[in-house]
Amino acid sequence: MDVLLDNLDLYVGGFAGTIGLFVVAAIGSLLLGTLVAGMRVSPVPALRAFGTGYVTILRNTPLTLVLFFFAFAYPRLELVQLSFFALASVGLILYTAAFVCEVVRSGINTVPVGQAEASRALGFTFTQTLGQVVLPQAVRATVPPMTNIQIALLKNTTIASGFSVFQAGGIYQNLSERGYNVLVGLLWVALIFVILVAPLTWMQRRLDARWGVAR
């Protein structure tokens, strides 16, 4: 307990960075992943090819390499100058969106084909069919796997500590410099992560039970 109380400033600052990075990356990856999923089921061949290529490349690239690119290679391109936090957010969004895309696409595939055919018969465009008919029904099937992806994203934020983004993953370095027991400090980090994951798991079970009955 002394390790936690004596270094409360480190834990508060570190997990504030973790939560901030998680929220930004979660929202961004949900939006981008849904967009790419729409491309993957699009009737336009070029969009389908782009979506497939995006998912194939990002899903098979280690997250460390993605963050390494944004931390060291991107600044050399001399484009828009961004903070390490912003670069880490972009890297996590691009990486996680590939997994979100596949979950959304799987959810889309659970919707009966007749739903889309009926909407097209009524004169709906592809975008209207996807946004107003298919996706609202697909959401129910995506809750459990989507929650798992968000939990993985929360834990993946710790990798950003190796690229000058101070958050929970970097607490142990400061504890070592201050002369505290690093093992005990890491056990507190693990416990706090469990506490952060608990609400996501609870939300998943509530939504799954509610929509499971609705189905």
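This report describes the salt bridges and one partly buried helix face in a predicted model.

## Salt bridges centred on Glu-102

Side chains of opposite charge can pair when their charged atoms come close. In this model, three salt bridges are counted. Arg-40, Arg-59, Glu-102 and Arg-105 are joined by them in a network.

One bridge is formed by the side chains of Glu-102 and Arg-40, with a distance of 2.5 Å from N to O. Glu-102 belongs to helix H5 (residues 84–110) and Arg-40 to helix H2 (residues 8–40), so that this pair links distant parts of the chain, 62 residues apart.

## Two further partners of Glu-102

Arg-59 also forms a salt bridge with Glu-102, and the closest N and O atoms are 3.7 Å apart. Because Arg-59 lies in helix H3 (residues 45–59) and Glu-102 in helix H5, this pair ties together parts of the chain that are 43 residues apart in sequence.

The side chains of Arg-105 and Glu-102 meet in a salt bridge as well, at 3.0 Å from N to O. Here both residues are in helix H5, three residues apart, which means that about one helical turn separates them. In an α-helix there are 3.6 residues a turn, so residues three or four places apart point the same way.

## Exposure of the charged residues

Is Glu-102 buried or exposed? Its relative accessible area is 13%, and Glu-102 is therefore buried, the limit being under 20%. Two of its partners are described otherwise: Arg-59, at 40% relative accessibility, counts as partly exposed, and Arg-105, at 24%, also counts as partly exposed.

## The buried side of helix H4

Which residues of helix H4 (residues 63–73) are buried? They are Leu-63, Val-66, Leu-67, Phe-70 and Ala-71. These residues lie on the same side of H4, because they cover an arc of only 125° around the axis.

The buried residues of H4 are covered by parts of the structure that include H3, H5 and helix H7 (126–156). Two of these helices also appear in the salt-bridge network: H3 holds Arg-59, and H5 holds Glu-102.

Key: Residues numbered from 1 in each chain as written. Predicted model: local features only at pLDDT ≥ 70, side-chain atom pairs only at ≥ 80, totals over all residues. Heavy atoms only, no water. Salt bridge = Lys/Arg side-chain N within 4 Å of Asp/Glu carboxyl O. Helix = DSSP H or I, 4+ residues; strand = E, 2+ residues; numbered from the N terminus. Buried < 20%, exposed > 50% of the residue type's maximum accessible area, 1.4 Å probe, protein only. Arc of directions from axis to C-beta. Contact = heavy atoms within 4.5 Å.
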